[in-house]
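Okay, thanks for coming, everyone. I'll put the structure up, and then we'll walk through it from the outside in.

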Amino acid sequence: MKILMATMGLDIGGAETHIVELSKQLRLRGHQVVVVSNGGVYVPEIAAAGIRHFPAPMHRRSARDMLRSLRILSRVIREERPDVVHAHARIPAFLCGLLQKRLHFPFVTTCHGVYQVSGALKLLSNWGEHTLTVSEDIRDYLERKYGIPPQRITLTINGIDTQKFSPAVSGAGVREELGLGDGLVIGHVSRLTPATSVTARQLLELAPRLDRELPGVRLLIVGGGEDFPELAAQAEEVNRRLGRACAVMTGPRTDISELLAACDLFAGVSRAALEAMSAGRPAVLSGAQGHTGLFVPRLLDKAVDTNFCCRSDPPATPDRLLEDLLAAARLSPEQRRQLGEYGREVVQERYSLERMTQDSLEMYERVRRRKYHVVMSGYYGFSNAGDDAILQSIHQSIREASGEVEVTVLSNDPQQTARCYGMKALSRFRFPTVFRALWGCDALISGGGSLLQDRTSTRSILYYLSIMRCAQLLGKPVMLYANGIGPVDKPGNRRRVKRAVERAAVVTLRDRSSAQELREMGVAREDLHVTADPVFRLECAPPGRSARLLRAAGLEENTPFAAVSVREWPGTGDFPAGLARLCDHLRRTYGLEILFLLMQPHKDREAAGQIRQAMEEPSSLLDVPSTPQELMGVLGRSKLCLAMRLHTLIFAARMSVPTLGLVYDPKVSSYLRELDMPSAGDVCSFDSAAAIGQADRLMAQYSLCRRRLQEKSAALAQAARENERLLLELLERGEAKR
C-alpha cells in the first residue's frame, strides 16, 4: 500500500517518534510512505529510510496557515493517490476530514492524548473512519466525549526499538561531548512547550536541593520547543548560582538512544519513559498530567492504562518529584540494575515495534478501497435486535470470506447504524442517494430476514421490490440473501414476488418452507439454495458483558433463569394471562427465575409488562440498551428460552439453549421445525395447560434436547457459509464479464 502520514511536525516528542518509527517499519515491510508535516529534526532520518516528506504548516491554527496546508494536502493526495491517509493530530485530522468529503480516500487517525473538547476546538476534531489510541483511558475518553463507537477504535501501543534503546548502547561519547563527568546523571526528554515542559521546569527548580542531597549530580534536559529559550536561561542562572554546569540543555536532537545511555536515572513520561526503560534505566514517571513515581512492578497496570502518562495520579509537584528521584538515586547498584532489567522486560513484552505496525496495518485493511462494492437492503436501523444481528452477521461473514468486498447499508437511521456497527450507511428513504449507491455498486444484497411478505403491509413489500428492480434496471445483479419468504397473501403481491425472484441473479433461502412458498407462487427455477439464517455465524459478546447485564436486571451470577421474548401482536386475547401461568409454573416447579428480554424495546416493552403484571411470581426485565451480541450472550446463560420473536429463537439455538416457541407467524413454526424444537402453541389461541405440558416434556428430556440442538446449530452455521460463497461467485462472474 501507499500510506500518507499527516502530522503537525517532526521535532522531538512522543507522538513524533511514534510516527517516525511506524513509517520506517511500514517501509521495511514493503509499503510506500509519504509524510506531510511542518518538518523538524527527524526529516533527515525518514528521508534516509526512503520516505518522502512534503512541508506544510500544519502546526499552526491560523486561518492563513490552515488554508495553505489544505492546498498542499490536496495537491499531494491528488498526485500521490494514497491507499490510506493516516492523520496524527487535531489540525491534520481536521484538514484531512475536509478533503475526504471531496476526494473520497480512506481516512484513519491515531489519538495520542486527550484534548480540550469545548467550543470551536470540538468542531476541529475529526477521528476518521477508524481510530487507534495508545492507551485504554484515551479510548474511554473518545467513547465518552466524542461518542465514537467501540467498533471504530483499536487499542495500540507506542512501539519501541529495543535494539536501538538497549543497555548495550554506550553513553560515553555523550558524557564526554557534554562534559557530564562520571557522576550521577538524571535525564529528561520532551518537547518543551507550555503543555509539556512541567517536568523540565521542576527539575531546574529542584537543582539546588538535588545538588545538596546528591553532590555532583547533573541534569540532562533534551528537547526543543517554544519554551526552550526561557528554560535555557533558567538553566544558565542555576549553573551560575551553583558555580558549576549542573543543568545541561541540549536542544532538539535525534541521537536519543545515546543521550539516554549517558543517564543513570530518567524523569518523564510516555514514549521517552519507555525508551529509557528499554535502555535499562530506572524511570520516575512524572509529567504535566500527574505523578506516578518510581516505576516498580506494583505500578504496572496503572502505568499501562494511561500509556505511562500518569493521568490517573495526583498532580506532579517539585516535592513529589524530589522524593522519588532521591529514592531512586539511593538504590544500591544491584537494586538499580534489577529495576532497569524489569523495565526493559516490560517494554520487550508489551511495546514491540512489530505489534504497533501490525495494529496500523490491520486498521488500514479495514478501510482501504476494495475490489467489489455491494449495497445491502433490509429492515435495518429500526432498533430491532434481530434485524441488526442479521446486518452484523452478513457483514462479518462477508469480511471473513473476502477482504475485497466493501458494504454500504441502506438504513432507517444511518447515523445510528454507522455509530453502533462501524459500517458505511445511507438513508433508505433518500432515493437520489440510494440511486447513486446502486449506480456505483457491483451487486445488491436484499436480506436477510422476512422482507418479502405482506402480513405487515403492502407498502413494505413494494419498497424492497422497488429497490431490487432499480438495481436490475441499472444492470446490477441482485442476490436474495438468506431470505425468509412470506406469508404473501395478496394475489398481486404474489405475482410481483414471483417476477422479482425469477429475475434475481442468486437466491438463497433460510428455510425449506420459504422454498415451498416460492414454488406455490409458481417460481420454476431449480437453483433455489436453502442455506440458513446468517445469525448462526454471529459470535456473542464476552462473558463479562452479559454478566453485567444480568446484574443490571437484578440477577446474580449463576442464577438459573428462563429468558422470555414477546412482542405486541393483535388478536392475542388471553395470551398474556396464559403465558404468565406458564412462567409461574417454570419458577415454582424448576426454580427458574423469569427474565424478559426486549428485542425491539418500543414494540416489546408493553407486551412484556402485561405478562409480568399477570404473573403471581416475581420476574425481572432487562431494559438497558444492548447489542445483538450482548443479548445472545445473556441467552447463552439461560436454562430455557420462551421465544415469540424469531431471532430470539435463533439466538438461543446459536447458544444451544432449548426453546419453546410462541407462534405468531409461520416463520416461527418453520424454524421450530428446522431446529426440531417444540412449540408452546399459537399466541392467538394459546392453551396454557397444553403449554405447561409441553414445557414439562422438554425439561424431562432436557439433556437430549440440548445435544440435538447443538448438532442442529452447528449444521446450520455450516449451511450459512454457503450464502457468502455464492455472493463471491456472483461478484467474480461480474468481474470476469468486465
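So, the surface to start with: the chain exposes about 29800 Å², and carbon and sulfur atoms supply 49% of that. Before I go on, keep in mind that what you're looking at is a predicted model. The C-alpha trace spans about 100 × 65 × 45 Å along its principal axes. Of the 738 residues in the chain, 58% are buried. In terms of secondary structure, we've got 29 helices and 26 strands. And if you take contacts between residues at least 6 apart in sequence, 71% of them join residues at least 24 apart.

Let's go to a sheet. This one is open, has 7 strands with parallel pairing, and the order reads 16-15-14-17-18-19-20. Which strands sit at the edges? Those are strand 16, residues 424-427, and strand 20, each of them pairing on one side only. From one strand to the next, the twist averages 25°. Quick reminder for anyone who lives in small-molecule land: strands of a sheet pair through backbone hydrogen bonds, and that can be parallel or antiparallel. For a concrete pair here, look at strand 14, residues 372-377, and strand 15, residues 405-411, which are parallel over 6 bridges. Val-374 has Val-407 in strand 15 as its bridge partner.

Now a helix that packs on some of those strands. Helix 21 runs over residues 512-521, and its buried residues are Ser-514, Ala-515, Glu-517, Leu-518 and Met-521. They cover an arc of only 160° around the axis, so they end up on the same side of the helix. What do they pack against? Strand 18, helix 20, strand 19 and strand 20. Flip to the face turned away from that buried side, and you find the exposed residues Arg-512 and Glu-520. Right after the helix comes Gly-522, with a positive phi of about 100°.

Next, a loop residue I like. Leu-451 lies in the loop between strand 17, residues 443-449, and helix 19, residues 458-473. Is it buried or exposed? Its relative accessibility is 2%, so Leu-451 counts as buried. Who's around it? Setting aside neighbours within four places in sequence, Leu-451 is in contact with Ser-377, Gly-378, Tyr-379, Ser-446, Ile-461, Tyr-464 and Gly-484. If you want to relate this spot to the helix we just saw, the C-alpha atoms of Leu-451 and Met-521 are 16 Å apart, with their positions 70 residues apart along the chain.

Last stop, strand 21, residues 561-565. Here 5 of the 5 residues are buried, so the strand is largely enclosed by the rest of the structure. Phe-561, Ala-563 and Ser-565 point one way, Ala-562 and Val-564 the other. What does strand 21 pair with? One partner is strand 22, residues 593-597, in the parallel sense over 5 bridges, and there Ala-562 is matched with Ile-594. To get from strand 21 to strand 22 the chain goes through helix 23, residues 575-590, and this β-α-β crossover is right-handed. Strand 24, residues 640-643, also pairs with strand 21, parallel again, over 4 bridges. In that pairing, Ala-563 stands opposite Cys-641.

That's my tour; happy to rotate the view if anyone wants another look.

Terms used: Residues are numbered from 1 along each chain as its sequence is written. This is a predicted model: local features need pLDDT of at least 70, side-chain atom pairs count only at pLDDT 80 or more; totals for chains, interfaces and linings use all residues. Side-chain values use heavy atoms; hydrogens and water are left out. Buried means under 20% relative accessible area, exposed over 50%, partly exposed in between (1.4 Å probe, protein chains only). Helices (H or I, at least four residues) and strands (E, at least two) are DSSP runs, numbered from the N terminus. Two strands pair if DSSP finds at least two bridges between them. A crossover is right-handed if, with the strands pointing away from the viewer, the path from the first strand over the helix to the second runs clockwise. The arc is that of the directions from the helix axis to the C-beta atoms. Contact means heavy atoms within 4.5 Å. Axes are lines fitted to C-alpha atoms, for helices over the stretch in contact, and angles run from 0 to 180 degrees between N-to-C directions. Accessible areas come from the Shrake-Rupley method with a 1.4 Å probe; for residues, only the protein chains shown count as cover.
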